[in-house]
Amino acid sequence: MTDLALIIVSAVFVNNVIFSRFLGLCPYFGVSKKLDTAIGMSMAVIFVLTLAGTITYIIQTYLLVPLNIGYLQTIAFILIIASLVQFVEIVMKKVAPTLYRGLGIFLPLITTNCAILGISILSVQFKYDLIETIIFSFGSALGFGLALIIFSSVREALDTREIPKAFVGAPIAMIVAGILAMAFMGFSGMVK
Amino acid sequence: MNVKEKLLKSFFVENPVTGLLLGLCPTLATTTSAENGLGMGLATTFVLVSSNVVISLLRNVIPNRVRIPSFIVVIATFVTIVDMGMQATLYDLHKTLGLFIPLIVVNCIILGRAEAFASKNNLWDSFLDGLFMGLGFTFSLFILGSVREILGTGNWLGMALVPGDWSTILVFVLAPGAFLSLGFILVGMNKIARVIEGGK
(Lines give C-alpha, C1' and ligand atoms only; values in the text may rest on other atoms or scores of the structure.)
Protein backbone atom coordinates (compact mmCIF):
# COMPACT_ATOMS: atom_id res chain seq x y z
CA MET A 1 0.00 0.00 0.00
CA THR A 2 2.72 2.49 0.97
CA ASP A 3 4.46 1.71 -2.32
CA LEU A 4 1.38 2.76 -4.27
CA ALA A 5 0.99 5.93 -2.18
CA LEU A 6 4.63 6.78 -2.88
CA ILE A 7 4.08 6.31 -6.63
CA ILE A 8 1.16 8.78 -6.51
CA VAL A 9 3.05 11.42 -4.48
CA SER A 10 6.08 11.05 -6.73
CA ALA A 11 4.03 11.35 -9.94
CA VAL A 12 1.97 14.34 -8.78
CA PHE A 13 4.56 16.47 -6.98
CA VAL A 14 8.15 15.30 -7.19
CA ASN A 15 8.36 14.13 -10.80
CA ASN A 16 5.53 16.29 -12.10
CA VAL A 17 4.90 15.65 -15.82
CA ILE A 18 5.17 19.33 -16.72
CA PHE A 19 7.82 20.69 -14.38
CA SER A 20 10.19 17.80 -14.15
CA ARG A 21 9.54 15.42 -17.04
CA PHE A 22 8.68 18.12 -19.65
CA LEU A 23 5.81 16.15 -21.16
CA GLY A 24 2.60 17.58 -22.59
CA LEU A 25 3.84 21.15 -22.94
CA CYS A 26 1.86 21.97 -26.09
CA PRO A 27 -1.59 21.66 -24.43
CA TYR A 28 -0.06 23.17 -21.28
CA PHE A 29 0.68 26.44 -23.09
CA GLY A 30 -2.15 26.06 -25.60
CA VAL A 31 -5.24 25.67 -23.43
CA SER A 32 -4.20 27.51 -20.27
CA LYS A 33 -5.62 30.94 -21.07
CA LYS A 34 -8.92 30.26 -19.26
CA LEU A 35 -9.56 28.32 -16.06
CA ASP A 36 -12.70 26.56 -17.43
CA THR A 37 -10.94 25.09 -20.45
CA ALA A 38 -8.01 24.10 -18.26
CA ILE A 39 -10.32 22.12 -15.98
CA GLY A 40 -11.98 20.44 -19.00
CA MET A 41 -8.61 19.52 -20.49
CA SER A 42 -7.35 18.15 -17.16
CA MET A 43 -10.40 15.88 -16.81
CA ALA A 44 -10.00 14.61 -20.37
CA VAL A 45 -6.28 13.90 -19.81
CA ILE A 46 -6.91 12.09 -16.50
CA PHE A 47 -9.49 9.88 -18.21
CA VAL A 48 -7.54 9.09 -21.39
CA LEU A 49 -4.11 8.73 -19.77
CA THR A 50 -5.31 6.22 -17.16
CA LEU A 51 -7.04 4.21 -19.88
CA ALA A 52 -4.12 4.43 -22.32
CA GLY A 53 -1.59 3.45 -19.64
CA THR A 54 -3.62 0.35 -18.80
CA ILE A 55 -4.18 -0.74 -22.40
CA THR A 56 -0.61 -0.16 -23.56
CA TYR A 57 0.57 -2.19 -20.54
CA ILE A 58 -1.67 -5.09 -21.56
CA ILE A 59 -0.51 -4.88 -25.21
CA GLN A 60 3.15 -4.71 -24.19
CA THR A 61 2.94 -7.67 -21.74
CA TYR A 62 0.63 -10.00 -23.63
CA LEU A 63 1.38 -9.17 -27.26
CA LEU A 64 4.71 -7.45 -27.92
CA VAL A 65 6.83 -9.37 -25.39
CA PRO A 66 5.56 -12.94 -26.13
CA LEU A 67 5.86 -12.38 -29.89
CA ASN A 68 9.32 -10.86 -29.39
CA ILE A 69 8.49 -7.73 -31.38
CA GLY A 70 9.42 -5.13 -28.75
CA TYR A 71 10.97 -2.96 -31.47
CA LEU A 72 7.46 -2.17 -32.73
CA GLN A 73 6.67 -0.45 -29.42
CA THR A 74 6.63 3.14 -30.72
CA ILE A 75 4.44 2.35 -33.73
CA ALA A 76 2.10 0.07 -31.75
CA PHE A 77 1.63 2.51 -28.87
CA ILE A 78 0.94 5.57 -31.00
CA LEU A 79 -1.62 3.68 -33.11
CA ILE A 80 -3.31 2.34 -29.96
CA ILE A 81 -3.48 5.81 -28.46
CA ALA A 82 -4.84 7.38 -31.65
CA SER A 83 -7.56 4.76 -32.06
CA LEU A 84 -8.34 4.76 -28.33
CA VAL A 85 -8.99 8.49 -28.42
CA GLN A 86 -11.25 8.09 -31.43
CA PHE A 87 -13.06 5.19 -29.75
CA VAL A 88 -13.56 7.08 -26.48
CA GLU A 89 -14.98 9.99 -28.48
CA ILE A 90 -17.55 7.79 -30.26
CA VAL A 91 -18.59 5.89 -27.11
CA MET A 92 -18.85 9.04 -25.05
CA LYS A 93 -21.01 10.76 -27.66
CA LYS A 94 -23.47 7.87 -27.49
CA VAL A 95 -23.37 6.98 -23.78
CA ALA A 96 -22.68 10.25 -22.00
CA PRO A 97 -23.66 13.20 -24.22
CA THR A 98 -23.34 15.75 -21.40
CA LEU A 99 -19.81 14.65 -20.59
CA TYR A 100 -19.05 14.64 -24.33
CA ARG A 101 -20.17 18.24 -24.68
CA GLY A 102 -17.83 19.15 -21.83
CA LEU A 103 -14.75 17.23 -22.94
CA GLY A 104 -15.48 16.70 -26.64
CA ILE A 105 -13.30 19.41 -28.14
CA PHE A 106 -10.28 18.37 -26.07
CA LEU A 107 -10.29 14.71 -27.09
CA PRO A 108 -8.77 15.02 -30.60
CA LEU A 109 -6.04 17.27 -29.18
CA ILE A 110 -5.00 14.57 -26.74
CA THR A 111 -3.56 12.27 -29.44
CA THR A 112 -0.67 14.66 -29.91
CA ASN A 113 -0.19 15.15 -26.18
CA CYS A 114 3.20 13.57 -25.65
CA ALA A 115 2.41 12.93 -21.98
CA ILE A 116 0.18 10.03 -23.04
CA LEU A 117 2.83 8.25 -25.12
CA GLY A 118 5.61 9.30 -22.76
CA ILE A 119 3.98 7.94 -19.60
CA SER A 120 3.03 4.69 -21.39
CA ILE A 121 6.66 4.15 -22.46
CA LEU A 122 7.96 5.15 -19.01
CA SER A 123 5.78 2.64 -17.15
CA VAL A 124 7.21 -0.10 -19.38
CA GLN A 125 10.76 1.17 -18.72
CA PHE A 126 10.15 1.28 -14.95
CA LYS A 127 8.92 -2.36 -15.11
CA TYR A 128 5.72 -1.60 -13.20
CA ASP A 129 3.05 -4.30 -12.81
CA LEU A 130 -0.57 -3.69 -13.82
CA ILE A 131 -1.76 -2.04 -10.59
CA GLU A 132 1.37 0.14 -10.38
CA THR A 133 0.94 1.17 -14.04
CA ILE A 134 -2.66 2.26 -13.43
CA ILE A 135 -1.68 4.23 -10.30
CA PHE A 136 1.34 5.77 -12.07
CA SER A 137 -0.70 6.84 -15.12
CA PHE A 138 -3.47 8.25 -12.94
CA GLY A 139 -1.02 10.10 -10.68
CA SER A 140 0.87 11.59 -13.64
CA ALA A 141 -2.39 12.80 -15.17
CA LEU A 142 -3.37 14.29 -11.81
CA GLY A 143 -0.02 16.10 -11.73
CA PHE A 144 -0.69 17.45 -15.22
CA GLY A 145 -4.12 18.68 -14.10
CA LEU A 146 -2.71 20.32 -10.99
CA ALA A 147 0.01 22.12 -12.95
CA LEU A 148 -2.45 23.22 -15.67
CA ILE A 149 -5.06 24.56 -13.22
CA ILE A 150 -2.52 26.54 -11.15
CA PHE A 151 -0.97 27.94 -14.33
CA SER A 152 -4.27 28.98 -15.92
CA SER A 153 -5.34 30.74 -12.71
CA VAL A 154 -2.12 32.76 -12.78
CA ARG A 155 -2.59 33.57 -16.47
CA GLU A 156 -6.17 34.74 -15.90
CA ALA A 157 -4.91 37.07 -13.18
CA LEU A 158 -2.13 38.33 -15.49
CA ASP A 159 -4.71 39.46 -18.07
CA THR A 160 -5.73 42.37 -15.91
CA ARG A 161 -2.19 43.47 -15.01
CA GLU A 162 0.03 45.83 -16.90
CA ILE A 163 3.13 44.06 -18.20
CA PRO A 164 5.91 45.41 -20.46
CA LYS A 165 4.90 45.10 -24.14
CA ALA A 166 7.77 42.81 -25.11
CA PHE A 167 6.68 40.30 -22.43
CA VAL A 168 3.03 40.01 -23.48
CA GLY A 169 1.86 36.54 -24.57
CA ALA A 170 4.24 33.61 -24.78
CA PRO A 171 7.30 35.12 -22.98
CA ILE A 172 5.49 35.96 -19.74
CA ALA A 173 3.81 32.52 -19.82
CA MET A 174 7.26 30.89 -20.03
CA ILE A 175 8.57 32.94 -17.13
CA VAL A 176 5.51 32.13 -14.99
CA ALA A 177 6.05 28.44 -15.78
CA GLY A 178 9.71 28.80 -14.79
CA ILE A 179 8.79 30.28 -11.41
CA LEU A 180 6.18 27.55 -10.83
CA ALA A 181 8.80 24.94 -11.72
CA MET A 182 11.08 26.47 -9.07
CA ALA A 183 8.27 26.16 -6.52
CA PHE A 184 7.78 22.51 -7.47
CA MET A 185 11.52 21.90 -7.04
CA GLY A 186 10.83 22.31 -3.32
CA PHE A 187 9.25 18.86 -3.41
CA SER A 188 12.36 17.18 -4.82
CA GLY A 189 14.03 14.73 -2.49
CA MET A 190 10.74 13.96 -0.73
CA VAL A 191 10.41 10.62 -2.51
CA LYS A 192 12.57 9.13 -5.21
CA MET B 1 10.42 32.09 -53.52
CA ASN B 2 14.07 31.29 -53.91
CA VAL B 3 16.00 28.87 -51.74
CA LYS B 4 17.95 31.48 -49.79
CA GLU B 5 14.86 33.45 -48.84
CA LYS B 6 13.15 30.26 -47.69
CA LEU B 7 16.13 29.28 -45.57
CA LEU B 8 16.17 32.66 -43.80
CA LYS B 9 12.42 32.45 -43.26
CA SER B 10 12.58 29.02 -41.60
CA PHE B 11 15.40 30.20 -39.32
CA PHE B 12 13.76 33.39 -38.08
CA VAL B 13 10.19 34.26 -39.04
CA GLU B 14 8.68 30.78 -39.28
CA ASN B 15 11.08 29.13 -36.88
CA PRO B 16 9.15 26.22 -35.33
CA VAL B 17 10.23 27.00 -31.77
CA THR B 18 10.54 30.75 -31.39
CA GLY B 19 8.05 31.76 -34.08
CA LEU B 20 5.33 29.13 -33.87
CA LEU B 21 5.94 27.62 -30.38
CA LEU B 22 5.77 24.05 -31.68
CA GLY B 23 7.69 21.06 -30.38
CA LEU B 24 8.21 22.53 -26.93
CA CYS B 25 8.67 19.26 -25.03
CA PRO B 26 11.96 18.19 -26.66
CA THR B 27 13.07 21.85 -26.86
CA LEU B 28 12.87 22.39 -23.13
CA ALA B 29 13.75 18.88 -21.98
CA THR B 30 16.88 18.12 -23.99
CA THR B 31 18.66 21.49 -24.08
CA THR B 32 20.71 21.03 -20.90
CA SER B 33 23.80 21.53 -23.07
CA ALA B 34 24.58 22.78 -26.58
CA GLU B 35 25.66 19.27 -27.64
CA ASN B 36 22.41 17.63 -26.49
CA GLY B 37 20.37 20.31 -28.21
CA LEU B 38 22.31 19.76 -31.44
CA GLY B 39 21.85 15.97 -31.24
CA MET B 40 18.13 16.22 -30.64
CA GLY B 41 17.76 18.78 -33.44
CA LEU B 42 19.62 16.63 -35.97
CA ALA B 43 17.66 13.48 -35.03
CA THR B 44 14.42 15.41 -35.56
CA THR B 45 15.73 16.84 -38.85
CA PHE B 46 16.47 13.34 -40.14
CA VAL B 47 12.93 12.16 -39.34
CA LEU B 48 11.42 15.35 -40.78
CA VAL B 49 13.34 15.11 -44.09
CA SER B 50 12.72 11.37 -44.53
CA SER B 51 9.02 11.50 -43.67
CA ASN B 52 8.52 14.55 -45.90
CA VAL B 53 10.18 12.73 -48.83
CA VAL B 54 8.20 9.51 -48.38
CA ILE B 55 4.88 11.28 -47.82
CA SER B 56 5.47 13.46 -50.87
CA LEU B 57 6.15 10.32 -52.97
CA LEU B 58 3.00 8.65 -51.66
CA ARG B 59 0.79 11.75 -51.81
CA ASN B 60 -1.27 10.45 -54.73
CA VAL B 61 -1.53 6.93 -53.29
CA ILE B 62 -2.76 7.65 -49.76
CA PRO B 63 -6.57 8.04 -49.63
CA ASN B 64 -7.58 11.35 -48.15
CA ARG B 65 -9.68 9.90 -45.34
CA VAL B 66 -6.93 7.81 -43.77
CA ARG B 67 -4.11 10.26 -44.38
CA ILE B 68 -3.37 11.14 -40.73
CA PRO B 69 -2.95 7.50 -39.56
CA SER B 70 -0.84 6.81 -42.67
CA PHE B 71 1.40 9.81 -41.92
CA ILE B 72 1.78 8.62 -38.33
CA VAL B 73 2.89 5.15 -39.46
CA VAL B 74 5.49 6.65 -41.83
CA ILE B 75 6.80 8.98 -39.12
CA ALA B 76 6.84 6.22 -36.47
CA THR B 77 8.87 4.01 -38.83
CA PHE B 78 11.60 6.61 -39.24
CA VAL B 79 11.57 7.35 -35.50
CA THR B 80 12.19 3.67 -34.82
CA ILE B 81 15.09 3.73 -37.32
CA VAL B 82 16.65 6.76 -35.58
CA ASP B 83 16.08 5.22 -32.16
CA MET B 84 17.89 2.00 -33.07
CA GLY B 85 20.56 3.70 -35.17
CA MET B 86 21.47 6.04 -32.32
CA GLN B 87 21.47 3.24 -29.78
CA ALA B 88 23.99 1.38 -31.92
CA THR B 89 26.29 4.29 -32.82
CA LEU B 90 25.83 7.15 -30.33
CA TYR B 91 25.03 5.24 -27.15
CA ASP B 92 25.83 8.02 -24.65
CA LEU B 93 23.79 10.66 -26.48
CA HIS B 94 20.93 8.18 -26.86
CA LYS B 95 21.00 7.59 -23.12
CA THR B 96 20.90 11.33 -22.31
CA LEU B 97 18.07 12.08 -24.71
CA GLY B 98 16.30 8.91 -23.55
CA LEU B 99 12.53 9.07 -23.74
CA PHE B 100 12.54 12.01 -26.14
CA ILE B 101 13.80 9.96 -29.09
CA PRO B 102 10.63 7.80 -29.32
CA LEU B 103 8.63 10.93 -28.55
CA ILE B 104 9.78 12.54 -31.85
CA VAL B 105 6.74 10.70 -33.23
CA VAL B 106 4.34 13.10 -31.48
CA ASN B 107 6.37 16.23 -32.28
CA CYS B 108 3.74 18.46 -33.87
CA ILE B 109 6.27 20.02 -36.29
CA ILE B 110 6.64 16.75 -38.20
CA LEU B 111 2.95 15.92 -38.57
CA GLY B 112 2.33 19.61 -39.24
CA ARG B 113 4.77 19.72 -42.20
CA ALA B 114 3.45 16.40 -43.54
CA GLU B 115 -0.11 17.70 -43.52
CA ALA B 116 0.54 21.30 -44.56
CA PHE B 117 3.36 20.84 -47.08
CA ALA B 118 4.57 17.36 -48.08
CA SER B 119 1.12 16.00 -48.90
CA LYS B 120 0.61 18.76 -51.46
CA ASN B 121 4.05 19.40 -52.98
CA ASN B 122 6.59 17.60 -55.13
CA LEU B 123 9.58 15.60 -53.93
CA TRP B 124 12.30 18.26 -54.19
CA ASP B 125 10.26 21.04 -52.53
CA SER B 126 9.21 18.70 -49.72
CA PHE B 127 12.82 17.65 -49.19
CA LEU B 128 13.95 21.28 -48.93
CA ASP B 129 11.02 22.17 -46.67
CA GLY B 130 11.87 19.31 -44.28
CA LEU B 131 15.56 20.20 -44.32
CA PHE B 132 15.05 23.92 -43.65
CA MET B 133 12.40 23.44 -40.98
CA GLY B 134 14.62 20.83 -39.33
CA LEU B 135 17.66 23.11 -39.43
CA GLY B 136 15.59 25.99 -38.04
CA PHE B 137 14.53 23.72 -35.18
CA THR B 138 18.13 22.55 -34.63
CA PHE B 139 19.32 26.18 -34.63
CA SER B 140 16.88 27.14 -31.83
CA LEU B 141 17.79 24.08 -29.78
CA PHE B 142 21.49 24.83 -30.20
CA ILE B 143 21.07 28.47 -29.11
CA LEU B 144 18.91 27.55 -26.12
CA GLY B 145 21.29 24.73 -25.18
CA SER B 146 24.28 27.10 -25.41
CA VAL B 147 22.63 29.74 -23.22
CA ARG B 148 21.73 27.18 -20.57
CA GLU B 149 25.11 25.43 -20.65
CA ILE B 150 27.13 28.66 -20.42
CA LEU B 151 25.02 30.19 -17.63
CA GLY B 152 24.52 26.94 -15.76
CA THR B 153 27.92 25.25 -15.92
CA GLY B 154 30.29 27.82 -17.41
CA ASN B 155 31.25 25.43 -20.20
CA TRP B 156 30.41 25.44 -23.89
CA LEU B 157 30.85 22.37 -26.10
CA GLY B 158 33.37 21.00 -23.62
CA MET B 159 35.40 24.25 -23.38
CA ALA B 160 35.57 26.04 -20.03
CA LEU B 161 34.57 29.67 -20.60
CA VAL B 162 34.46 30.77 -16.98
CA PRO B 163 37.39 30.52 -14.52
CA GLY B 164 36.93 27.56 -12.19
CA ASP B 165 36.57 29.54 -8.98
CA TRP B 166 33.60 31.57 -10.27
CA SER B 167 30.21 30.25 -9.26
CA THR B 168 27.68 29.55 -12.01
CA ILE B 169 23.88 29.77 -11.90
CA LEU B 170 23.05 26.09 -11.52
CA VAL B 171 19.30 26.63 -11.91
CA PHE B 172 19.75 27.16 -15.66
CA VAL B 173 20.57 23.50 -16.30
CA LEU B 174 17.66 22.43 -14.09
CA ALA B 175 14.00 22.44 -15.10
CA PRO B 176 13.06 26.06 -14.20
CA GLY B 177 16.01 27.39 -16.21
CA ALA B 178 14.56 25.86 -19.38
CA PHE B 179 11.36 27.88 -19.09
CA LEU B 180 13.15 31.04 -17.97
CA SER B 181 15.79 30.94 -20.75
CA LEU B 182 13.23 30.40 -23.49
CA GLY B 183 11.02 33.10 -21.96
CA PHE B 184 13.81 35.68 -22.03
CA ILE B 185 14.93 34.64 -25.54
CA LEU B 186 11.35 35.26 -26.70
CA VAL B 187 11.33 38.65 -24.96
CA GLY B 188 14.52 39.56 -26.81
CA MET B 189 13.09 38.46 -30.15
CA ASN B 190 9.87 40.42 -29.55
CA LYS B 191 11.89 43.49 -28.72
CA ILE B 192 14.03 43.16 -31.86
CA ALA B 193 10.91 42.62 -33.99
CA ARG B 194 9.31 45.73 -32.49
CA VAL B 195 12.41 47.84 -33.09
CA ILE B 196 12.61 46.65 -36.73
CA GLU B 197 8.90 47.37 -37.29
CA GLY B 198 9.21 50.76 -35.60
CA GLY B 199 12.17 51.67 -37.82
CA LYS B 200 10.24 51.05 -41.04
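Author: Let us start with a yardstick: a residue is buried when its relative accessible area is under 20%, exposed when over 50%, and partly exposed in between, with a 1.4 Å probe and protein chains only. This is a predicted model, in which local features need pLDDT of at least 70 and side-chain atom pairs count only at pLDDT 80 or more, while totals for chains, interfaces and linings use all residues. Residues are numbered from 1 along each chain as its sequence is written, chains are lettered from A and ligands numbered from 1 in the order in which they are written, and side-chain values use heavy atoms, with hydrogens and water left out.

Reader: Why is B:Ser33 called buried or exposed, as the case may be?

Author: B:Ser33 has 13% relative accessibility, which is under the 20% limit, so this residue counts as buried. You will find B:Ser33 in the loop between helix 2 and helix 3 (34-57) of chain B. Helices here are DSSP runs (H or I, at least four residues), numbered from the N terminus, and strands are runs of E with at least two. Leaving aside residues up to four places away in sequence, B:Ser33 touches B:Gly145 and B:Glu149; contact means heavy atoms within 4.5 Å.

Reader: And what makes B:Leu58 fall into its accessibility class?

Author: B:Leu58 has a relative accessibility of 33%, between the two limits, so it counts as partly exposed. B:Leu58 sits in the loop between helix 3 and helix 4 of chain B. From B:Leu58 to B:Thr168 there are 110 residues in sequence and 51 Å in space, C-alpha to C-alpha.

Reader: How do you know whether B:Phe179 is buried or exposed?

Author: The relative accessible area of B:Phe179 is 0%, so by the 20% rule B:Phe179 is buried. B:Phe179 belongs to helix 8 (residues 175-199) of chain B. Not counting residues up to four places away in sequence, its contacts include A:Phe19, A:Phe22, A:Met174 and B:Leu28. The C-alpha atoms of B:Phe179 and B:Leu28 are 7.0 Å apart, though 151 residues separate them along the chain.

Reader: What makes a set of residues a nonpolar core?

Author: A nonpolar core is a set of buried Ala, Val, Leu, Ile, Met, Phe, Trp, Tyr and Cys residues joined through side-chain atoms within 4.5 Å. The largest one has 98 residues, and those with the most contacts inside it are A:Leu25, A:Tyr28, A:Phe29 and B:Phe179. With residues up to four places away in sequence left out, A:Leu25 touches A:Ile18, B:Leu24, B:Cys25, B:Leu28 and B:Phe179.

Reader: How do you know whether the radius of gyration of chain A agrees or disagrees with a compact globule?

Author: The radius is taken over C-alpha atoms, and the globule rule is 2.2 Å times the number of residues to the power 0.38. For 192 residues the rule gives a value near 16 Å; chain A has 18 Å, so the two agree. Chain A has 9 helices and 0 strands, and 50% of its 192 residues are buried.

Reader: What makes a space a cavity or a pocket?

Author: On a 1 Å grid over the protein atoms alone, a cavity is a set of points where a 1.4 Å probe fits but cannot get out, while a pocket is an open set with protein on both sides within 12 Å along at least five of seven lines; lining residues have an atom within 4 Å of a point. Grid points are joined across faces, edges and corners, and a volume is the space filled by probe spheres set on the points. The count is 1 cavity of 30 Å³ or more. The largest cavity holds about 90 Å³, and 13 residues line it, with A:Cys114, B:Cys25, B:Pro26, B:Val106 and B:Asn107 closest to its centre. The largest pocket holds about 820 Å³; 35 residues line it, and among those closest to its centre are A:Gln125 and B:Phe100.

Reader: What is notable about the phi of A:Asn68?

Author: Most residues other than glycine have a negative phi. A:Asn68 is not a glycine, yet its phi is positive, about 60 degrees. A:Asn68 lies in the loop between helix 3 (35-64) and helix 4 of chain A. Its 64% relative accessibility is over the 50% limit, so A:Asn68 counts as exposed.
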